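Could you look over the points below with the coordinates open beside you? They are ordered from the whole chain down to individual side chains.

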Amino acid sequence: GRIVMSFEWNKMYKVEERIDAEIGDSVHNFVCEYYEVDEITDLTQNQIDEIDEFRDGLDEYSFMHIGFLSLIDYWDANQ
């Protein structure tokens, strides 16, 4: 008889990594343009608080959370 394979997507993580990187880049670029800074580390605590407040107001299912969280974590780690 014929062997029936169950559905598999072996390298789906590659798609996830690409989307994650695109979200991160989009957030990074938008924030830098918005605040007219060259680097995330140039942002002030006030600006980071504004960004975090914005993130907090996002729909809980928004894919963008991860981009904002990594940006804030990066800023925190470099203070």
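The numbered points that follow concern a predicted model, and they go from overall shape to helices, core and aromatic rings.

1. Overall architecture. The chain contains three helices and zero strands, and its elements, read from the N terminus on, run α-α-α. The C-alpha trace spans about 65 × 25 × 20 Å along its principal axes, and the chain has a radius of gyration of 18 Å, where a compact globule of 79 residues would have one near 12 Å.

2. Burial and contact range. Of the 79 residues of the chain, 23% count as buried. Among contacts in the chain with a separation of 6 or more, 48% come from residues 24 or more positions apart. One distance between positions far apart in sequence can be checked directly: Leu-69 and Ile-23 are 46 residues apart along the chain, and their C-alpha atoms are separated by 11 Å. Of these two residues, Leu-69 is found in helix H3 and is partly exposed, with a relative accessible area of 38%, whereas Ile-23 is one of the buried residues of H1.

3. Helix H1. Does the end-to-end distance of H1 agree or disagree with the span that 1.5 Å a residue predicts? For its 24 residues the expected span is 34 Å, and the end C-alpha atoms are 35 Å apart, so the two values agree. The buried residues of H1 are Ile-23, Val-27, Val-31, Cys-32 and Tyr-35, and what covers them includes H2 and H3. Just after this helix, Glu-36 takes a positive phi of about 50 degrees, a backbone value that a reader may wish to inspect in the coordinates.

4. Helix H2. The same check can be made on H2, residues 45-56, where 12 residues at 1.5 Å a residue should span 16 Å and the end C-alpha atoms are indeed 16 Å apart. Its buried residues are Gln-47, Ile-48, Ile-51 and Arg-55. Viewed down the helix axis, these buried residues fall within an arc of 100 degrees, and therefore they line one face of H2. That set packs against helix H1 (12-35) and helix H3 (65-77), while Asn-46, Glu-53 and Asp-56 are exposed on the other side of H2.

5. Two neighbouring residues of the buried face of H2. Gln-47, which lies in helix H2, has a relative accessible area of 17% and is buried because that value is under the 20% cut-off. Leaving aside neighbours within four places in sequence, Gln-47 is in contact with Tyr-35 and Asp-42. With the same neighbours left aside, Ile-48 is in contact with Leu-43, Leu-71, Ile-72 and Trp-75.

6. The nonpolar core. Which residues of the largest nonpolar core touch the most other members? Of its 14 residues, they are Val-31, Ile-40, Leu-43, Ile-48, Ile-51 and Leu-71. H1, H2 and H3 each supply at least two residues of this core, and the largest share, five residues, comes from H1. Two of the residues named here, Ile-48 and Ile-51, also belong to the buried residues of H2, and Val-31 belongs to those of H1.

7. Aromatic pairs. A search of the whole structure finds three aromatic pairs. One of them joins Phe-30 and Tyr-34, and this pair is stacked, at 6.1 Å centre to centre with 25 degrees between the planes. Both residues lie in helix H1, four residues apart, about one turn of the helix. Another pair, Tyr-34 and Tyr-35, is edge-to-face, at 4.9 Å centre to centre with 80 degrees between the planes. Ring pairs thus link Phe-30, Tyr-34 and Tyr-35 into a cluster.

8. Exposure within the ring cluster. Are the members of this cluster buried or exposed? Phe-30 is exposed, with a relative accessible area of 57%, and Tyr-34 also counts as exposed at 57% relative accessibility. Tyr-35, by contrast, is buried, with a relative accessible area of 16%. Tyr-35 is also one of the residues in contact with Gln-47, which is itself buried.

Key. Residues are numbered from 1 along each chain as its sequence is written. This is a predicted model: local features need pLDDT of at least 70, side-chain atom pairs count only at pLDDT 80 or more; totals for chains, interfaces and linings use all residues. Side-chain values use heavy atoms; hydrogens and water are left out. The expected span of a helix is 1.5 Å times one less than its number of residues. Buried means under 20% relative accessible area, exposed over 50%, partly exposed in between (1.4 Å probe, protein chains only). The arc is that of the directions from the helix axis to the C-beta atoms. Contact means heavy atoms within 4.5 Å. Rings of Phe, Tyr and Trp (its six-membered ring) pair if their centres lie within 6.5 Å; planes under 30 degrees apart count as stacked, over 60 as edge-to-face and the rest as tilted. A nonpolar core is a set of buried Ala, Val, Leu, Ile, Met, Phe, Trp, Tyr and Cys residues joined through side-chain atoms within 4.5 Å. The radius of gyration is taken over C-alpha atoms; the globule rule is 2.2 Å times the number of residues to the power 0.38.
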